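Morning, everyone. I have one structure for you today, and I'll keep it short. Take a look at it first.

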Amino acid sequence: MTVAAAAPASGGRRRRFGKSGALPGFGLALGYALTWLGLVVLLPLAALFLRASEAGVAGFTETLADGRVRHALWLSFGVSAIAAVTATLAGVVIAWALTRYSFPGRRAVDAMVDLPFALPTAVAGIALAALYAPDGWLGAPLARLGWQVVYNPVGIFIALVFIGLPYAVRTVQPLIAELDRELEEAAATLGASRWQTVFQVIAPPLVPAALTGLALAYARALGEYGSVIFIAGNLPGVSEIAPLLIVIKLSEFDYTGATVIAVIMLAMAFLMLLAINLIQAWSRRRMGHA
């Protein structure tokens with residue numbers, strides 16, 4: 001009797017809650033979410049694009065005609081792409097080692113992966129600059145070999161790999177933990193080589209996560225500022241990145257130039273976020289058909 005009476009009540013609660021869950025008020029929740037989204041994200045972006053529209057085509061053309069601006073943009077886009085690819089490849093290997101192997105200090109190493117998330121970017125830049133300076137621990141032996149890291153694009157590359165590595169590791173690590181080792185054993189039993197097992201059994205389920213980590217690392221690297229300025233030297237035409245050039249333009253009261261560069265950087269970051277969403281949607285469809 002008690003069970004029979006409880007069942008309809010439970011069903012009634014489920015019907016009452018529906019897909020929205022226990023919290024009521026769809027209109028209130030949606031309005032609250034859109035208000036905060038508008039104030040924090042959309043309103044500043046709208047102001048930026050409004051200022052960019054005032055510059056017009058002439059403003060964009062004039063700004064992009066400056067060789068210093070073009071070099072800063074190409075440097076930011078190019079080095080960010082190379083650093084993101086490097087961080088992704090290294091991140092997959094690190095995630096595999098942390099997930100599949102047990103060794104002394106594994107938990108400490110796993111915690112160190114998140115250090116770029118917690119460390120202030122300026123502190124990271126100072127540490128990297130001190131480490132790779134001509135008299136630093138790593139910079140001194142490299143200088144004796146004729147390799148200079150600081151004050152050139154190589155330093156930018158190292159800084160961007162540093163801040164992008166956690167994204168690559170953390171997006172792939174959960175999927176590696178879910179991989180069924182019996183599939184690898186079955187592939188070996190069927191005569192597959194080690195490389196065949198890697199590319200045909202292990203890699204396919206990891207590719208969507210690796211691509212997501214790549215896009216996240218690239219989007220993060222595009223806007224990086226603090227960890228780069230100390231090691232790059234910020235030499236115009238050599239190691240000056242676009243985010244720094246925006247600050248310089250603002251200090252020179254060249255608001256049109258700063259706005260144009262900012263809009264270009266924002267558009268690229270938006271494309272990266274769109275790519276992440278498309279990759280995740282493709283991954284869900286792929287898993288649904290599997």
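Which helix gives the largest share of the lining of the largest pocket? It's H10, with 12 residues. Before I go on, a caution: this is a predicted model.

Let's stay with that pocket. It holds about 690 Å³ of space. There are 22 residues in the lining. Find the centre on your screen. The residues nearest to it are Val 92, Trp 96, Val 198, Ile 202 and Leu 206.

H10 runs from 194 to 222. Helix H3, 67-100, and helix H9, 181-189, also line the pocket, and each of these three helices supplies at least two residues. What about chemistry? How many of the lining residues are nonpolar, polar or charged? The split is 17 nonpolar, three polar and two charged.

Next, the two helices H3 and H10. In general, a packed pair of helices is described by the angle between the axes and the distance between them. Here the axes of H3 and H10 come within 8 Å. They cross at roughly 140°. The two helices are therefore oblique to each other. The crossing of H3 past H10 is right-handed.

Who touches whom? On the H3 side, the contact residues are Ser 76, Phe 77, Ser 80, Ala 81, Ala 84, Val 85, Thr 88, Val 92 and Trp 96. On the H10 side, they are Ile 202, Ala 210, Gly 213, Leu 214, Ala 217, Tyr 218, Ala 221 and Leu 222. By class, that contact has 13 nonpolar residues, four polar ones and no charged ones. Now recall the pocket centre: Val 92, Trp 96 and Ile 202 are among the residues nearest to it. Those three also belong to the H3 and H10 contact.

Last stop, the enclosed space. How many cavities of 30 Å³ or more are there? The count is one. Its volume is about 40 Å³.

The lining of this cavity is Leu 75, Ser 76, Ser 80, Ile 156, Leu 160, Ala 221, Leu 222, Glu 224, Val 228 and Ile 241. H3, H10 and helix H8, 153-178, each supply at least two of the lining residues. The largest share this time comes from H3, with three residues. By class, we get seven nonpolar, two polar and one charged. Some names should sound familiar. Ser 76, Ser 80, Ala 221 and Leu 222 line the cavity, and they also sit in the contact of H3 with H10.

That's my tour. Over to you.

Methods:
Residues numbered from 1 in each chain as written. Predicted model: local features only at pLDDT ≥ 70, side-chain atom pairs only at ≥ 80, totals over all residues. Heavy atoms only, no water. 1 Å grid on protein atoms, 1.4 Å probe; cavity = no way out; pocket = protein on both sides within 12 Å on 5 of 7 lines; lining within 4 Å. Points joined across faces, edges and corners; volume = space filled by probe spheres on them. Helix = DSSP H or I, 4+ residues; strand = E, 2+ residues; numbered from the N terminus. Nonpolar A, V, L, I, M, F, W, Y, C, P; charged D, E, K, R; others polar. Axes fitted to C-alpha atoms, helices over the stretch in contact; angles between N-to-C directions. Parallel < 35°, antiparallel > 145°, perpendicular 65-115°, else oblique. Left-handed = near helix turned anticlockwise from the far one by under 90°. Contact = heavy atoms within 4.5 Å.
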